[in-house]
Each structure stands twice: as C-alpha cells, then as structure tokens.
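Trainee: I've got a complex open in the viewer and I'd like to talk it through. Can we take it piece by piece?

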Amino acid sequence: MSIKQDKHNLTPPTSMQSSRFSGHSGYSDKIFSNLTLFFTIIMVGILVALVFVLSRDAMPAIDKFGFSFFTSTMWNPVKDIYGALPAIYGTILSSLIGLVIAVPISMGAAIFLVELAPQWLAGPASFVIEMLAAIPSVIIGLWGLYVLVPVVRNPIEKWLGHLSGLPFFQGPPFGVGFLSAGLLLAIMIIPIITAVTRDAMKAVPHEQREAMYALGATRWETINKAVLPYCRTGIVGAVILGLGRALGETMAVTMVIGNSYKLTASLFSPGATIASTIASQFGEATAGVYTGSLIELALILFGVTLIVNIIARTLVWRMTALKAAKK
Amino acid sequence: MKEKTNNMIHNITKEDIPGNTYSEHPEDEKGILEVQGLSAWYGKTLAIKNINMSIRSKGIMAIIGPSGCGKSTFIRCLNRMHEVAHGGRTEGCIMLDGKDIYAKDTDPVVIRRRIGMVFQKPAPFPTMSVFDNVAAGLKLTQFWSRRWELEEVVERSLRQAALWDEVKDKLHQSGASLSGGQQQRLCIARAIAVQPEIILLDEPCSALDPASTLKIEDLMRDLVTQYSIVIVTHNMQQAARVSDMAGFFLADQDRAGILIEYGKTSQLFTNPKDKRTEDYITGRFG
Amino acid sequence: MADDSLEGGKEMNNLNERGHSRRKWLNRVMLVLCGTATAIAMLMLALILGYALIRGISYLNLTILTQAAKPVGETGGGMRNEIFGTLILVVLGSIIALPIGLLAGIYVAEYANPNVAAAIRFTADILAGVPSIVVGVFVYAVMVIPMHSYSAISAGVALAIIMVPIVARTAEESLRLVPSSMREAALALGITRWRAIVGVVIPGAMTGIITGIMLGVARIAGETAPLLFTALGSQFGVQGLLKPIGSLSLLIYHYALSPYPSQQQQAWAGAFLLIILVLGISIIVRWASNRKHI
C-alpha cells in the first residue's frame, strides 16, 4: 500500500477524538487488528488449556482422596496414599517469611532510589538491582546451600534459639529449613518489588510533589502523602508480584528447605513446599495416583497463586471504591 | 554583595543600576517581600540576574514578559521552590518581614507555609477527596485537630475560592473528578487553607478555558483583601485587568532574565519608562 | 537548628516548636531508614553475585567450556553441551513467545475496548503468576506424554509460556504510555491505523518493550523448574529438537546436590557462565535500546 493511497484515506476529524477508535478502518487495518486478536486468543487459550489439562490429569488423585487430600499429612508412595497439608503449609509459611523481610527493605530502597539518592548514585544502583533480579533461582539456591545455610546454622539459628519460649525458634539448628528458605525467598523478591515500586513512583507527576512542597511539607511528608498514595496501586502490584514469585519459587527453595514432609511450627525445622515436593518427586512418580497427586499439588499451587492474585486485585478495587463512597 | 544591594535599595535612582530600570515605588513603606539582588541558576545556566523588586502588601503584582525570560523561575524563588528542581541555585536575598528567607538557618518548609503557590497545571491530589485536598496542608501540622475544626476551615477556604457551591455535595469525591477550572480553584483553596500571607500564582489560567479564567480573575480581586498576590502571566490583557502593580521581565543578551521596570500597572501600560517595555506592551514583540 | 523566628503566628497556622521539630526528626529518621534498606538490599545481592563470580571463575578452565560431561564419578569433563543447550532453548522459547506476547500487547493497548482490555490484562497477570514448575507439569502432560519423549521443543514451549505474559504486559504498558497526541498526530497525517501503530506508537514505546523482552529472556535463560520434566537433561549432548537436552541451569541443580566435590565445583563454574550469559544479555539489550534513543 503506497503512501499516496494512504493520503486519500483521510481520517475525518471527528474520529480523532479518541485514539481508541479507528475512524476509518482500511483493509490492512482489519488484517492487522485481527492478527493481534488471534494471538491474544492464543495467550488466553494457554491459560484455559492449563487449567483443563491439570484438572483432567489430577483426577486419579482427586477421585481417590477427595477433600481429605487437603487435610492429610501422609505421603506414602508405597501405600499410594498422599496428603497435601504439609506442602501447603510450607509454601505459605516460607513465602510469608520472605515477604515480611522483603517488603520493608524493598520499599525503603525504592523510596531512596527515586526520591533521595543523587543522580550519580540512583542510576547505577537501580541498574545493579535490576541486573541482580536476573540471577537465576538455581544459582541463588547454590549460594544458599553453600553460603547461607552454614551461616544460618551458626550463628543465626543458635542466637535465635536463645529467644526461648517462642515456638518458632525451637529445635536443633539444621541450617536447612524454613528460615533459610524464607531468607532466600526474601532475597529473590526484593529486586522485583523494588523495581516495580520504583517505576510506579517515578510515574507520579512532578506537579504532585511540587504541590505538596508548596504547602510546606518536608521531604518525607511529600513522599508519604503525595507520592506513595498516588502510586499505591503500583506498589500493591509490586508486592503481589513478589508474593506470587515466592509462592511458586521452586529451585532455590528445594535446595535449602530440607525436604521433610512434616508439619511443624518451628522455623528451624526442615519442611517442604508444594513446589519442592513436585520438583523432587515428579521424576520418580509412577503414573496413576502418584503422578495424579503431584499434579493435584500443581493444581493447588496454581489455585493458591490464582486466589492470591485475585484477592490482591479485588483489594485494590475495594480501596479506591471505598474512598469514593466514604461519608 | 549584600551591603551593595542594601545601598541600592535605599538610594534609588534609575541611573544607579546598570541595565536594570524600574519605576519609583509608589508608597514609602517597605513591601511585604523585598527582593534584593536575586539571581538564579539551573545548574550552570543563569536564568535570572540581579532582580530587585518590592512587593506591596495586599496588592496584586503581575509579572509579565515574553516566554523564556525567567518569570516562572523568579516566582519560584519567592517561596524557595526553585531549589526543589534539579540543580536549582540562588544568590541574593528576599526579605520577608525583614528576615532573609534564604538565610542559611531558615527552613524552607516554614517559608512555604507563609508563601503559598498555585501552579500552571492544576494538580489536585487524585487519591484524596475534595475535602482532603483542601485539608492536606493543614493535616501536616494539625495532628490532633478535630473533624469539625477541619470542616470549618475547608468550607471557609472553598468559599473564598468561589468553589463551595459547586462542590459542597461532592466533598468526598476524588479531587481529580472536577473540571479543569474547578481543579484550579481547588488548588487555590488548598493553598489558602493554610493561611499564607502571600499567594504566588504561576500562569494559573493558561491551561484553562476562558470562562474559568474569568472566574479566577474575579476570585483574585476578592482574595486580595486578605492576601498579597504575585501572578505570572503571559497574557497582557489579564495583567491589565487584574493587577495594580506590574513588573516587566526580559531576557538580556546572555539569555538571563532581568527586570526592566516595575510600578503601577496603569502607569506601566500607558506611560512606560523604558522603551523595551513600551515595545512589548504595544505588541512589537513577544 | 533552623531559625524558627520566621514562623508566622496565624491561628490555624500554629506551628508549635515541638510539632515542627517532630516533623523534622521524623523526616530525618525515615530518610536514614530508606538509605539503610537500600544498603541492605545491595549488600545481599552483591554477596551472591560476588560468590558466584569469584568461586565460579576459580573453577573455570578451558576444559569446562570445550568438553562434554564425564560420567558420574569421573573427575574432569566439561559442560559444552549444556552451554549449547541453554542457548538453543532460549532461542526456541523466544521465537515462540515474542509474536504472541507482542501482538497480544498491541491488541490490548490499541484495539480492545476497556472491558475486554481489563479482562485480558487480568488473564495475562494470572498467566504471569503461574509458577514455572506448574508450567513444566502442563507441558509434560500435553507434549512429553503424547510424544513419548522428553524433548527440546517441549522445553522451548514451556519457556515460551513463561515469557509470553511478561512480554505482553510490558508491551501493553509501554504502548499505553505513549501519549495519545502521538497517535492523533500520526492519524492526522493520513496514515492508516496499523501503520501509525507500527511506525509511530511502537517505536515510541520501544524502551519499555525491550525492557520487557529483556526481563523475559533473562528469566527463561535461568529457568530450571520447567525443564525438569521437559528437557530432562542429556548425557549425550544436543541431539535435536525432539530429544532431551541439557542446560546450564539443570547442570547447576544436579551438580549442586551431588556428593562429589568435583561436580560441586563445576556447579559453581556453571553458575559463573550462566550469570555471565544472563547479565550479558541484559546489558547488551540495555545498551542497544539506549542507542536507539540517542
């Protein structure tokens, strides 16, 4: 289609009011838009297929155990009886530990990088953190196993063990276990939360900050009352991305969690997550109920991740709706 | 440097200050803001040079001139907003009640409380309601204020900004849900809620439609009974309509803005002392 | 201490000494805390990078790069095949993911009405949040089982599934950031819609799009979990798309858990190579996208 022809397809002025509408769809426009629609459908289709296939292949286990899968703590390949509770518990616990450690650090870093750091520092520092977000989980697991776990074993867990009375810190310091896994998770999700929060904060228009300064606010007050509220959706999204990554994190956690299929309150003890269970056993699982159970675990993990994402998005909508309706 | 500028202020004639003419200050009293030898930079670039001006209390001073000659820079120096920008730096002093706002031990946070500002682009806080927007400045210092105290001030400020009737049923909607003109009046209400002594307006109407512009101009005439106002405008007719004093800025040969002359608006527009002023007023450039 | 004598004395303006100092103190404390947080974040991450690079390079030698792995128990050997494996898998995954992700992003940013756009965005977010091991299980079920074999292509598909939502989401966001004045200006010149998008809007969003692709590629280059049941790993080197294939990430995983010190050392060496690869990709792409804008 030559440019000359295009010039004759003059778009009438009224259709330029919104860039979302195509005022004058040519033939090539239709092809292109349908092409993009097609691939979008493929993307959606992947998700649909995923749910369908996992549900179908988890059937052997679902049929056999039903709801008791969620409440049972047994995992016995010999008897072919499986229960998911320790794995679910481990997943949630390790992710929570990771979040609790990561969120304050990430928020602080993002605020520092966007609002406080001088130019010469903010650029390289942000670049470094972004690059470090690219460190593959298996390498973090390697580091965790050979560098962090010895440190956690001695002195961290030893020292925490002195805080006796708290059920979280009981038991012998193995090193491998929930605490190490939680620490690794925190390390892994800090860059993502920081990067997305940074982007969100940078998107806040300068006029907002200026307006706050002009009212006589200190730097922190400007950040706290003009910048952070403006981009709070982005911040929540950042934290969710972090949580989502933590929940599904497989390699690093598998390498340091000790793979012990038990329910305990102590952070020192080894445990298991859904992902680590699948990773360590899928290869040896026989078809049927064994594999079916592992696939059901995958389905549960998918479901937990899904619920987390939905809850977070709903929360964000609710927050903004509540504010508008407040009397 | 400070001594020199002090002398300049007191023994004043046109010929004393090279390249910087201004008209006689109509009243003998000192202005609420005395600008003395103010220069400002963005990094290495000089934006305004050696500005001397006296801003009268309870008057409207219009800052006019073609674009790019430092009017916005100048007004941002008046409440120390200039230094918020990257590489913003100033020299000279500005006396508020006889004390230099640029003194080393002065906290800009305090200054901005007393000298408020409304910007060109209306910037209500979108995550706050109309009510919370107006109260934003107050809430910074009133940790313990009761709801009704805030409500009183918010209503008063909105009335003063001629916005109350239009938003009194919408107080809890987002500040960003108003029209452009309303948003700007909201920003004005927000600025006056903290009861500054001086209000700076940086081209407040240039992003608005004519109807809103007129509303805001009317508003200024009411506000001037309580506040001193400095307004930057590139619209000469607006300056003529609204202000009683005016200052004319122009960029000199090294592209730094200088104050050519200032004085009573009527006098500046009908009988300017400097030929450059006359050229601008009569539309020969700008 | 700031000179408080410049404070006005108006009624509601009452900045009592204590209130004002408290605000200043809070300001200072919060800023210091933020700086500390940044320092902690950078320290933690520098530690990992430092160990991986230093230990890794100490075990690196020419053998490692040029030889294939030796059977278990024998010392020596290298990871040549795994290096190729990683490269092949990344290319496979990208080839599949880019068209899907980009075009989906374009659709949502330019064509979809707000409701549809929200729904698709939602879907993409969910897909992005699917744990990579779940993706691996899915591809195992739909490709490995019917094909009766682990294969490179199934691994490529798994990696692509991980990459698609990343690319789509950042592409869509970047496209949305392009001001509508640009689109309108292009349309006003009489250019057709799709040309306006391809020739004006997309270049305007290029930095963001490239960042998204970069994030995607860097992510899949290091992925291990989805490869566990699709690529499996291979002792025999690269045998073609339909056969199992090894990768650096799989090698690191297996060797890290191995009881043999020589293999553990190779794990570090492999980690070094993988980090160099991943960081290299990221830095090159950054550099390329910066150049475009100068």
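Mentor: Sure. One definition to start: two residues are in contact if their C-beta atoms, placed from the backbone, lie within 7 Å. Keep in mind too that this is a predicted model.

Trainee: With that cut-off, what share of the contacts in chain A with a separation of 6 or more comes from residues 24 or more positions apart?

Mentor: Count a pair if the C-beta atoms lie within 7 Å. Among the pairs in chain A with a separation of 6 or more, look at those 24 or more positions apart; their share is 73%.

Trainee: And what secondary structure does chain C have?

Mentor: Reading from the N terminus, the elements run α-α-α-α-α-α-α-α-α-α-α-α. For chain C that comes to 12 helices and 0 strands.

Trainee: How many helices and strands does chain A have, then?

Mentor: Chain A has 327 residues, of which 51% count as buried. Its secondary structure comes to 13 helices and 2 strands.

Trainee: How confident is the predictor in chain C, on average?

Mentor: In chain C, 88% of the residues score a pLDDT of at least 70. Residues 1-5 of chain C are below 50, with 9 contacts beyond near neighbours in sequence. Residues 7-16 are also below 50, with 16 such contacts. The average pLDDT for chain C is 84.

Trainee: What ipTM does the complex get?

Mentor: The predictor reports two scores for the complex. The pTM is 0.77, and the ipTM is 0.83.

Trainee: Which element gives the largest share of the side of chain A that touches chain C?

Mentor: The contact takes 77 residues from chain A and 76 residues from chain C. On the chain A side, they divide into 51 nonpolar, 20 polar and 6 charged. The largest share, 18 residues, comes from H2(A).

Trainee: At roughly what angle do H2 of chain A and H3 of chain C cross?

Mentor: Two packed helices are described by the angle and the distance between their axes. Here H2 covers residues 27-65 of chain A and H3 covers residues 80-111 of chain C. The crossing is left-handed. The axes come within 7 Å, and the angle is roughly 115°.

Trainee: How many charged residues are in the contact of H2(A) with H3(C)?

Mentor: From H2(A), the residues include Leu35(A), Phe39(A) and Met43(A), and from H3(C) they include Ile100(C), Leu103(C) and Tyr107(C). The residues of this contact divide into 13 nonpolar and 3 polar, and the number charged is none.

Notes
Residues numbered from 1 in each chain as written. Chains lettered and ligands numbered in written order. Predicted model: local features only at pLDDT ≥ 70, side-chain atom pairs only at ≥ 80, totals over all residues. pLDDT = per-residue confidence, 0-100. Axes fitted to C-alpha atoms, helices over the stretch in contact; angles between N-to-C directions. Helix = DSSP H or I, 4+ residues; strand = E, 2+ residues; numbered from the N terminus. Left-handed = near helix turned anticlockwise from the far one by under 90°. Nonpolar A, V, L, I, M, F, W, Y, C, P; charged D, E, K, R; others polar. Buried ≥ 20, exposed ≤ 12 C-beta atoms within 10 Å, placed from the backbone.
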